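Good morning, and thank you for coming. I should like to take you through one protein chain, beginning with how its helices pack and ending with its backbone.

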Amino acid sequence: MALTAANPTTSVELSYRAFGPTGDAPTVVLLGSLGSDRSMWDPQIAALAAGHEVLAVELRGHGESPAPAGDYTVAELAGDVLALLDRLGRDAVHLVGLSLGGAVAQRIAAYHPTRVHTLTLLCTAAKFGTPQTWLDRAATVRAEGTGSLAEAVVGRWFTAGLAARDPELAARSRAMVTATPDAGYAACCVALAHWDGRPDLARITAPTLVIAGAQDPATTPDDMRRLAAGIANSVLHVLDPAAHLANVEQAGQVSALITAHIADRRERAAAFEQGMRMRRAVLGDAHVDRAVAGTTEFTEPFQDFITRTAWGDVWSRPGLDQHTRRLLTLAVLTAVGNTHELDMHIRAALRAGLEPAELAEVFLHTAVYAGVPNSNLAFGLGKAALADGVGSRPADDTAAGPADEEIHRP
């Protein structure tokens, strides 16, 4: 398990609670808003814990987590979360963050992409207002305590309609803000004052779900649209009615969106695994190992796409057996004159035990319906492969033909 540990000399041991199954169950990590504790996620925990391990985490300076003296940075808050995952032995997780938790989640996804299967960002931003606003809030809390802000904060958390219908919810929320340690709240305000994640949005590669509240005055739908626009693999949902704690006001819809987002990634992962098995069966381990080893950040999306679609879907369909699909592939590649792909598939077919006589029949048949020149080219490639001894060695032979070195080929 390749973990990317935080600096143990600067990270603090966060308080968290685990729910749901462990073992092979996917892990979902919930990171909350400024001024909250883990109870803000109660509406999601029951829904997600049915099929996932859920870790409801309290950030530094919140709930039962330590509130060390001094100012914090978003990078330090992210390091705390990574240190927790390291202690628990969780290599990669489904990361969910709201507001301040969303900033921390962005930082982790941008700088530690292998630790994030999927990313869900709720009511957050790549940059929160102006630095002075947060520095002023920090000064107020240090002078007057979090209780002095509780009414105003909770006023942004819920729409007026929900607050009127459920005054007990508003009262509990004010008590939660008030209970947040003054030093921790203020230090996190300073972290937001100095944080700007906009330059790093393009670094985020995890499939990302972005959820906004239509009535959120703190991180508006426009803020969320800009966030989603900066993350390549993202989708945006605007929930109405909902203010800053959209996960509470639209609890069922938020839980359903997160569950579907995680399930989509799991389905893609299953398709990739099936595709990789089929790809190896058809092309051989040696070729696939070279392609995987040669994958770069630029070519990785294509490798993922071709493995899931061509190999995990079409080649894996039950309607035709693998032998027939080989022959069809050779015929089509001959017809279109795709030299590199054709050479690769000729050599793969020979290594898999296809008889040279079958190759000849395919190329003759293609000559009738697609033209003699392309068939002549195919015969030439087949002749060269046979002259190289392809097919006379074991199927896992490590020798590569010219096209085998093309890492961008499927």
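At what angle do the axes of helix α15 and helix α17 cross? Before I reply, please note that this is a predicted model. The axes of α15, residues 339-351, and α17, residues 372-387, cross at roughly 45° and come within 10 Å. That angle makes α15 oblique to α17. The crossing in which α15 passes α17 is right-handed. On the α15 side, the contact is made by T339, L342, D343, I346, R347 and L350. On the α17 side, L377, A378, L381, G382, A384, A385 and L386 take part. By character, the residues of this contact divide into 9 nonpolar, 2 polar and 2 charged.

Helix α17 has a further partner in α14, which covers residues 322-336. Here the axes are 8 Å apart, and the helices pack at an angle of about 120°. α14 and α17 are therefore oblique to each other, and their crossing is right-handed. T334, A335 and V336 of α14 make the contact with N374, S375 and A378 of α17. These residues comprise 3 nonpolar and 3 polar, with no charged ones. A378 of α17 thus appears in the contact with α15 and in the contact with α14.

Let me stay in this region for one residue, T366, which lies in helix α16, residues 356-370. Is T366 buried or exposed? Its relative accessibility is 6%, so T366 counts as buried. Leaving aside residues up to four places away in sequence, T366 touches A331, T334, A335 and G371. Of these, T334 and A335 also belong to the contact of α14 with α17. T366 and V332 are 34 residues apart in sequence, yet their C-alpha atoms are 8.2 Å apart in space.

I turn now to another pair of helices. α11, residues 251-283, and α13, residues 300-314, have axes that come within 7 Å and cross at roughly 75°. At that angle, α11 is roughly perpendicular to α13. Among the residues of α11 in this contact are R268, F272, M276 and R279, while α13 contributes Q303, D304, T307, R308, W311 and G312. The contact as a whole divides into 7 nonpolar, 5 polar and 4 charged residues.

Let us now step back to the whole chain. It holds 17 helices and 7 strands. Its radius of gyration is 27 Å, well over the 22 Å that the globule rule gives for 410 residues, so the chain is more spread out than a compact globule. Along its principal axes, the C-alpha trace spans about 85 × 45 × 40 Å. Buried residues make up 49% of the 410. Of the contacts between residues at least 6 apart in sequence, 79% join residues at least 24 apart.

Finally, the backbone. Most residues other than glycine have a negative phi, and most peptide bonds are trans. S99, in the loop between β4 and α3, has a positive phi near 60°. At 7% relative accessibility, S99 counts as buried. C123, in the loop between β5 and α4, also has a positive phi, of about 40°. With 0% relative accessibility, C123 counts as buried.

Which residues does a cis peptide bond join? They are D240 and P241, with omega about 0°. P241 is found in the loop between β7 and α10.

Definitions and conventions:
Residues are numbered from 1 along each chain as its sequence is written. This is a predicted model: local features need pLDDT of at least 70, side-chain atom pairs count only at pLDDT 80 or more; totals for chains, interfaces and linings use all residues. Side-chain values use heavy atoms; hydrogens and water are left out. Axes are lines fitted to C-alpha atoms, for helices over the stretch in contact, and angles run from 0 to 180 degrees between N-to-C directions. Helices (H or I, at least four residues) and strands (E, at least two) are DSSP runs, numbered from the N terminus. Angles under 35 degrees count as roughly parallel, over 145 as roughly antiparallel, 65 to 115 as roughly perpendicular and the rest as oblique. A crossing is left-handed if the near helix is turned anticlockwise from the far one by less than a right angle, and right-handed if clockwise. Contact means heavy atoms within 4.5 Å. Ala, Val, Leu, Ile, Met, Phe, Trp, Tyr, Cys and Pro count as nonpolar, Asp, Glu, Lys and Arg as charged, and the others, Gly among them, as polar. The radius of gyration is taken over C-alpha atoms; the globule rule is 2.2 Å times the number of residues to the power 0.38. Buried means under 20% relative accessible area, exposed over 50%, partly exposed in between (1.4 Å probe, protein chains only).
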